[in-house]
Amino acid sequence: MLTSGGDCQALNATMRGAAKVLYNRIPDVEILGFKEGYKGLIGSDYRKMEPEDFSGILTVGGTILGSSRQPFKKMRVIEEDGVDKVAAMKQTYKRLGLECLIVLGGNGSLKTANLLSEEGLHVIGLPKTIDNDIWGTDVTFGFQSAVDIATRAIDCIHTTASSHGRVFIVEVMGHKVGWLTLHAGIASGADVILIPEIPYHMDSVIAALKRREDGGKHFSILAVAEGAVSAEDMLISRKERRRRREMMGFPSAAYAIGQEIGKRTGREVRIAVPGHTQRGGAPDAYDRFISSRLGAKAGLMAAAKEYGRMAAFDGVHITSIPLKEAAGRLKCVDPKADTIMEAKAMGICFGDE
Ligand code: F6P
């Protein structure tokens with residue numbers, strides 16, 4: 001087993017679910033835990049796990065195995081250390097006589113899992129990320145806990161924004177997609193929600209703030225995804241956007257938006273960035289539930305030798321899909337989804353109308 005990429009709240013709960021099934025269903029099973037994700041598999045850095053290792057970890061955030069980012073695009077690149085990473089991982093797998101590798105990972109990590117599967121290893125994937133952007137599963141574990149944290153952050157901002165009559169921007173994680181911002185924004189009653197899938201026009205945002213002011217609401221809250229982008233900036237590359245932002249001295253998207261709102265409205269604008277708190281702490285009840293089920297599914301798949309697949313949730317059942325279907329495909333928010341339509345009908349501004 002290994003946990004790879006940015007961590008999230010229910011990694012331990014997922015491993016526990018898988019381990020319980022493996023110990024119950026496969027006589028004499030041995031579980032090895034690779035340390036810090038693929039790094040441990042590359043460097044053969046692992047420990048033999050015991051059933052007690054999986055005890056008492058259902059509610060514990062982070063990962064008992066540690067994690068690291070090993071970018072997929074560099075997997076085939078031989079760097080200064082001269083290590084052929086793919087060959088090294090295959091060698092570790094074969095030398096240890098592994099029957100199967102269970103990978104808990106996000107998009108990049110699942111691409112590597114698929115690569116290893118195509119190289120002939122028996123691999124089972126589990127969809128981890130607070131971003132909820134993995135193709136083929138309704139939810140990823142970690143997502144709901146992060147939604148809860150981002151929602152509470154915006155709740156707290158609500159009271160102080162109201163006291164001071166300020167415009168507040170809360171920047172929410174989510175990488176290239178807006179799931180986290182959309183769910184937390186609606187759950188916390190944000191007035192404006194900006195997500196990467198719906199490029200915004202500043203005129204529309206300013207008009208929404210004015211409508212609130214005219215209606216006697218002296219404060220406003222914007223939930224802004226870290227990947228939010230204006231319609232204007234859509235015309236330039238992501239790299240160029242970052243370069244321009246850095247040149248202006250803005251650490252992230254929210255600061256540029258904040259400055260423009262301040263300039264155009266004369267209002268006092270504040271930025272709040274909950275950042276990595278969104279990935280921290282204990283998993284919530286829903287995440288414990290869904291990750292236990294997904295983990296159990298991975299254990300059952302291993303017992304049935306169903307390899308080259310990722311455990312997934314189709315909204316009703318826990319199922320599995322081929323790793324190659326999930327790998328490399330991003331699950332984005334559909335700008336025409338019911339959720340967006342309902343939110344707009346409630347008067348939430350997405351910056352596009
Ligand atoms: O993919 C999870 C995530 O938390 C994203 O939401 C965020 O953009 C990124 O990881 C942050 O990565 P790091 O922990 O490497 O700063």
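**View 1. Salt bridges and polar contacts between domain 1 and domain 2.** No salt bridges (a side-chain nitrogen of Lys or Arg within 4 Å of a carboxyl oxygen of Asp or Glu) link domain 1 and domain 2. Three residue pairs, both at pLDDT 80 or more, are in polar contact between these domains. A polar contact is a pair of N or O atoms within 3.5 Å; within protein, one must be able to donate a hydrogen and the other to accept it, and residues adjacent in sequence count only if both atoms are side-chain atoms. This is a predicted model, in which local features need pLDDT of at least 70 and side-chain atom pairs count only at pLDDT 80 or more, while totals for chains, interfaces and linings use all residues. Residues are numbered from 1 along each chain, and side-chain values use heavy atoms, without hydrogens and water.

**View 2. The boundary of the two domains.** The assignment, automatic or from a database, gives domain 1 (2-142 + 283-326) and domain 2 (146-278). Seven residues of domain 1 are in contact (heavy atoms within 4.5 Å) with ten residues of domain 2. Together the domains bury about 660 Å², the accessible area (1.4 Å probe) lost on being put together, summed over both. In domain 1, Q9, I130 and D131 lose the most area to domain 2.

**View 3. Helix α1 and its surroundings.** Helix α1 (a DSSP run of H or I, at least four residues) covers residues 11-25, and its end C-alpha atoms lie 21 Å apart, in agreement with the span expected at 1.5 Å a residue. Eleven of its 15 residues are buried, that is, under 20% relative accessible area (1.4 Å probe, protein chains only). Elements covering them include β2 (31-34) and α10 (285-303).

Methods. Helices (H or I, at least four residues) and strands (E, at least two) are DSSP runs, numbered from the N terminus. The expected span of a helix is 1.5 Å times one less than its number of residues. Buried means under 20% relative accessible area, exposed over 50%, partly exposed in between (1.4 Å probe, protein chains only). Buried area is the accessible area (1.4 Å probe) that two parts lose on being put together, summed over both.
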